[in-house]
Amino acid sequence: MSNLIIVESPTKAKTIGKFLGSKYKVIASNGHVRDLPKSQLGVDVDNNFEPKYITLRGKKSVLDNIRKEAKNADKIFLATDPDREGEAISWHLAHMLKLDEKAVCRVVFNEITAPVVKASIKTPRAIDLQLVDAQQARRVLDRLVGYKISPILWAKVRSGLSAGRVQSVATRIICDREQEIIDFVPQEYWTITALLNMPKGRKQIEAAFYGYNGKKVELHDESSTNEVLRRIDGHDFIVDGITKTVKKLHAPAPFTTSSMQQEASRKLGFTTQHTMLVAQQLFEGIEVGGSTTGLITYIRTDSVRVSNEAQNAALEYIRDVYGDKYIPSTPNVYKGRSNAQDAHEAIRPSDLKLTPSVVKSSLTTMQYRLYKLIFDRFIASQMSEETLETCSVTYDANGATFKSTASKVLFDGFTAVYTEGRDENEAKSTALPEMEKGMKLTAGKITPEQKFTSPPPRYTEAALVKLLEEKGIGRPSTFSPTISTIIARGYVKREKKQLVPTELGFVVTQLMKENFEDIVDLKFTADMEAKLDKIEEGKQNWNKVIADFYSPFKESIERASASIEKVTLPVVQSDVVCDKCGALMVYKDGRFGRFLACPNYPECKNTKALTEKTGVSCPKCGKAIIKCKTKKGNKVFYGCEGYPDCDFMLWDKPIDEKCKLCGSIMVQKFARNFCSNPECTASGRKEKGAKGAKNENE
């Protein structure tokens, strides 16, 4: 008997094919084979919102091959990804192969390992039409929003713009935060820090002003601060109270898609797009020791659940590596979010025998760092709590209360393996010496300091993903493409790790607020996600959900088309002189980013690329190395400003530092520094020769 298995990815096909042997042929669809047409709406709004699917351009040869193999197969299995999108791809394939959609032909692999693949192929099921309906509803909904609003943006703002359901909300969040920062009025406040001398000069302790007679008092100006300084002048600091508390910190849950993206951003410097790309590679299969296997479980999940088998394997690993005291008294169980679908397990290693050190030589630097993060997080999630002792000491100085607080680790628990990253650096306290109530300490240096409150921080990718998840906007698979889309559209730009709205982003968001309030409303978008979940659960009809949305939406479209006036984007002038007509050039935003253009267009059509100097000199000719983009505009590189006379270039950002081993320029990649010379051992590459390293980088 011949069996045909159709998956999405060629890499996955290769991995699975090795597990199942000659009786099975595994081929890839390379993602979707059928979708709505790009050239038209593709949704029949007068016929119950029936989608008009077409074969995707470039997929004819793929489909011809699938049909050819299907004719020769006794049995066909559809094994696309185990989520709504994957279910829809299987449904489309079934239609195009003329398979009965109720046939038992659907197989799902939650991890790409030999045992799981062999077990799953023995338990096929029918295509889940409720999952298909949920995906179809999302696709139709997004198409209606995008294709109905975008033409208005083209006519009223600028051609080439687009609107999206989740993307518009994400842009609004970033714009609203920027407006908060602009409107923020700093408030003055003061702090007083005293360095206190222990008896017999043992050491100094830092204490901060707290209030008067044990009651909290805020210092808002210099006069109230001077009043404290006058009061404590010449007085000893008497230990007034000592409080010690012991608290236990529970281990963090294993990764969901969202928490993985957040931690990879904080700890590794990865964008959400890079994180998902590398995670997909780890899931689909890596060749380790001559055999290919998936190293992690499915990567699109909102669940923190772990199987009993995986949990027992983790406890055994912890006992062997760290000892019994790191095993919790009862196994750790985590509660997911109330709106979590919980369709899959949390993201975890597929096989704990494949430790990061074992597989390191088989992975690229990015793959290794993300795999280690996932591995360590999972092991830590099954370990015992960290135990801390916090000590708080209050001092009385003539009625003024000062306070010192510190903590020490009594038992490291899960932190022996893993500590969570933070968006901002937190001050680390040191343990306090032993003191007794009534002990007298003398004041050393006393430092009053004027400060001002800070505006709320801009969103990083990690912070935005966290907020989107908390508000129920989008799903695990949508976070990364949402951020990539609003950056590609020119609504938002990255500045270091922060997401900053552009002028275009502000203009489009304001237009959306005034005319399509529901589309950019956080609660409305979250409620729509909940309705999509109910479609998946079989509790709502997808056509009715779309119909209920479309009626008021259509009225908004008609009203906006008639009432919105043409928006003129503000022109920002530069100090660069046009070398053709002498006018000062202005900044423009194009599909490949910002550039300089002559304001006298169309009489003068001169444009110039914006150059961003890195502060590093070219080792070939001494000119500046600048930030550049490839012709397609989708990739950044760094090249000599003397091009084409000098062809020096780097893919990674150079820093003004030379390698101590070979003298080449050092570069920064994912928050770490490496030598730019691929032959140097400080390059951070696998030992495979300069040519191989260069090819991998390109």
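These are my notebook entries on a predicted model.

**Entry 1. Overall layout**

I began with the whole protein. It has 698 residues, and 47% of them are buried. I looked up the secondary structure and found 18 helices and 31 strands. I then took the extent along the principal axes: the C-alpha atoms fill a box of roughly 95 × 75 × 60 Å.

**Entry 2. Salt bridges**

How many salt bridges does the structure hold? The search gave 34. I picked three of them for a closer look.

The first entry I opened was Asp81, which forms a salt bridge with Lys12. The closest N and O atoms of Asp81 and Lys12 are 2.4 Å apart. I placed both residues on the chain: Lys12 is in helix H1 (residues 10-20), while Asp81 is in the loop between strand E7 (75-78) and helix H3 (84-96). The two are 69 residues apart, so I noted this pair as a link between distant parts of the chain. Then I checked accessibility. Lys12 counts as buried at 2% relative accessibility, and Asp81 is buried too, at 8%.

Next I turned to Asp35, which lies in strand E3. Its salt bridge partner is Arg139, with 3.1 Å between the closest N and O atoms. The side chains of Asp35 and Arg139 are also listed as a polar contact, at 3.1 Å. Strand E3 covers residues 34-35, and Arg139 belongs to helix H5 (residues 129-156), so this salt bridge ties together parts of the chain 104 residues apart in sequence. Are Asp35 and Arg139 buried or exposed? Asp35 has a relative accessible area of 17% and is buried. Arg139 has 25% and is partly exposed. The cut-off for buried is under 20%, which is why I put the two residues in separate classes.

The last of the three was Arg475 with Asp533, whose closest N and O atoms are 2.4 Å apart. Arg475 sits in the loop between helix H13 (461-471) and helix H14 (479-488), and Asp533 sits in helix H16, so the bridge ties together parts 58 residues apart in sequence. I recorded both ends as buried: Arg475 at 8% relative accessibility and Asp533 at 10%. I also found that this pair belongs to a network, in which shared partners join Arg84, Arg475, Asp533 and Glu536 through salt bridges.

**Entry 3. Aromatic rings**

I searched the whole structure for aromatic pairs and got 15. One of them is Phe524 with Phe549, a tilted pair with 6.3 Å from centre to centre and 40° between the planes. Phe524 is in helix H16 (residues 522-536) and Phe549 in helix H17 (residues 542-563), so the ring pair ties together parts 25 residues apart in sequence.

I compared the accessibility classes of the two rings' residues. Phe524 counts as partly exposed at 24% relative accessibility, whereas Phe549 is buried at 7%. I then followed the ring pairs outward and arrived at a cluster made of Phe49, Phe516, Phe524, Phe549, Tyr550 and Phe553.

Helix H16 therefore appears twice in my notes, because Phe524 of the ring pair lies in it and Asp533 of the salt bridge does as well.

**Entry 4. Charges over rings**

Which lysines have their charged ends over a tyrosine ring? I noted Lys267, whose charged end sits over the ring of Tyr418 at 4.1 Å from the centre. I also noted Lys403, which sits in this way over the ring of Tyr210, 4.2 Å from its centre.

**Entry 5. A sheet of three strands**

I finished with an open sheet of three strands in the order E29-E30-E31, paired antiparallel. Which strands form its edges? They are strand E29 (653-658) and strand E31 (672-675), each of which pairs on one side only. I looked up the turn between neighbouring strands of the sheet: it is 40° on average, with direction ignored.

Between E29 and strand E30 (residues 665-669) I found four bridges, in the antiparallel sense. For a single position I looked at Lys658, which stands opposite Ile665 in E30.

Key
Residues numbered from 1 in each chain as written. Predicted model: local features only at pLDDT ≥ 70, side-chain atom pairs only at ≥ 80, totals over all residues. Heavy atoms only, no water. Phe/Tyr/Trp six-rings, centres within 6.5 Å; stacked < 30°, edge-to-face > 60°. Buried < 20%, exposed > 50% of the residue type's maximum accessible area, 1.4 Å probe, protein only. Lys NZ or Arg CZ within 6 Å of the ring centre and 35° of its normal. Pairing = 2+ DSSP bridges. Axes fitted to C-alpha atoms, helices over the stretch in contact; angles between N-to-C directions. Salt bridge = Lys/Arg side-chain N within 4 Å of Asp/Glu carboxyl O. Polar contact = N/O pair within 3.5 Å; in protein donor to acceptor, adjacent residues only side chain to side chain.
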